[in-house]
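I'm opening a fresh notebook page for this one. My plan is to pick a spot, look it up, and then work outwards.

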Amino acid sequence: STLQRLVGAKAGRELREKASGIDRGRVVPNAVSRSLAAERPFDRDELDPDRHRRALLSAAGELGARLRALEKVCRTLTLTVRYADRSSTTRSRTLGEPTAHSAALTRTAYSLYEALGLQRARVRAVVLRAEALGPADQASYQLTFDPLDEKVRRVEEVADRVRARFG
C-alpha cells in the first residue's frame with residue numbers, strides 16, 4: 001500500500017509483482033527482437049579516436065545490413081562506450097526518420113561519439129544498438145530530389161545481395 005501511494009496504484013502493483021517474481025508478460029517463442037546490437041571489442045585498451053571511429057563504422061554497417069535483411073528500420077540509436085576501468089557511458093539519439101541506411105546510422109553514431117568529448121580515454125569496447133524497430137514497409141521517408149542518395153541506397157542493396165551470396 002505504501003508503494004501504491006508513492007507511485008500510483010497500477011505501477012505499485014506491478015512493482016510488487018516484479019519483486020515477487022511474477023511477470024504477466026507473454027513469452028512469444030521465435031519472436032523478432034525489439035533491438036539489434038553490434039559490439040566491437042578491442043584487443044587491448046584503445047586510445048586512438050580513429051580506431052574508435054573505424055569500429056563505429058563497422059558496427060553501423062553491420063546493423064544496417066542486418067536491419068535490411070530483416071526488413072526493419074530503427075527509430076533510435078544507442079552508443080555504449082566501455083572503458084578500461086570497467087565503467088561505461090551510454091548515449092541515445094532518436095533519428096529524424098526511421099532508417100536502415102548504413103550511412104545515416106554511421107553519421108548518427110559519429111555524432112553520439114563526438115558528443116562524448118573523449119580525450120585520451122582508454123576504450124575497451126564500443127556497442128551500437130538499434131532500437132524501436134519497426135517494419136520497413138510501414139516507415140515514412142522524406143522524399144528527396146538528390147539522385148546521389150538514391151544511387152547510394154541502390155549500391156547498398158547490391159552490396160547486401162553480394163554479401164548474402166558470397167559472405
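**Entry 1: one threonine.** Does Thr76 count as buried or exposed? Before answering, I remind myself that this is a predicted model. I found Thr76 in strand β2, which covers residues 72-83. Its relative accessibility came out at 15%. The cut-off for buried is under 20%, so Thr76 counts as buried.

Next I asked what Thr76 is in contact with, leaving aside its neighbours within four places in sequence. One group of partners is Ser92, Arg93 and Thr94. Arg129, Ala130, Glu131 and Ala132 are in contact with Thr76 as well.

**Entry 2: the whole chain.** I stepped back to see how the protein chain is built. I noted five helices and five strands. Reading from the N terminus, I get the order α-α-β-α-β-β-α-β-β-α. Is the chain a compact globule or more spread out? Its radius of gyration is 20 Å, while the globule rule gives 15 Å for 167 residues. The value is well over the rule, so I wrote down "more spread out than a compact globule".

I also took the box along the principal axes, and the C-alpha atoms fill roughly 60 × 45 × 30 Å. Of the 167 residues, 33% count as buried. For contacts, I looked at those with a separation of 6 or more: residues 24 or more positions apart account for 76% of them.

**Entry 3: a pocket.** I turned to the second largest pocket and wanted to know which elements supply its lining. Its space is about 150 Å³. Strand β3 (88-99), helix α4 (102-116) and helix α5 each supply at least two lining residues. The largest share, four residues, comes from β3. I jotted down some of the lining residues, among them Leu95, Glu97, His101, Arg107, Asp149 and Arg153. By class, I have two nonpolar, four polar and four charged residues in that lining.

**Entry 4: checking a helix.** Since α5 had turned up at the pocket, I checked its length. How far apart are the end C-alpha atoms of α5? Helix α5 takes in residues 147-166, which makes 20 residues. At 1.5 Å a residue, α5 should span 28 Å. I found its end C-alpha atoms 29 Å apart, which agrees.

Last thing on the page: Gly167 follows α5. The phi of Gly167 is positive, near 85 degrees.

Technical notes:
Residues numbered from 1 in each chain as written. Predicted model: local features only at pLDDT ≥ 70, side-chain atom pairs only at ≥ 80, totals over all residues. Heavy atoms only, no water. Expected span 1.5 Å × (residues − 1). 1 Å grid on protein atoms, 1.4 Å probe; cavity = no way out; pocket = protein on both sides within 12 Å on 5 of 7 lines; lining within 4 Å. Points joined across faces, edges and corners; volume = space filled by probe spheres on them. Nonpolar A, V, L, I, M, F, W, Y, C, P; charged D, E, K, R; others polar. Rg over C-alpha atoms; globule rule 2.2 N^0.38 Å. Buried < 20%, exposed > 50% of the residue type's maximum accessible area, 1.4 Å probe, protein only. Contact = heavy atoms within 4.5 Å.
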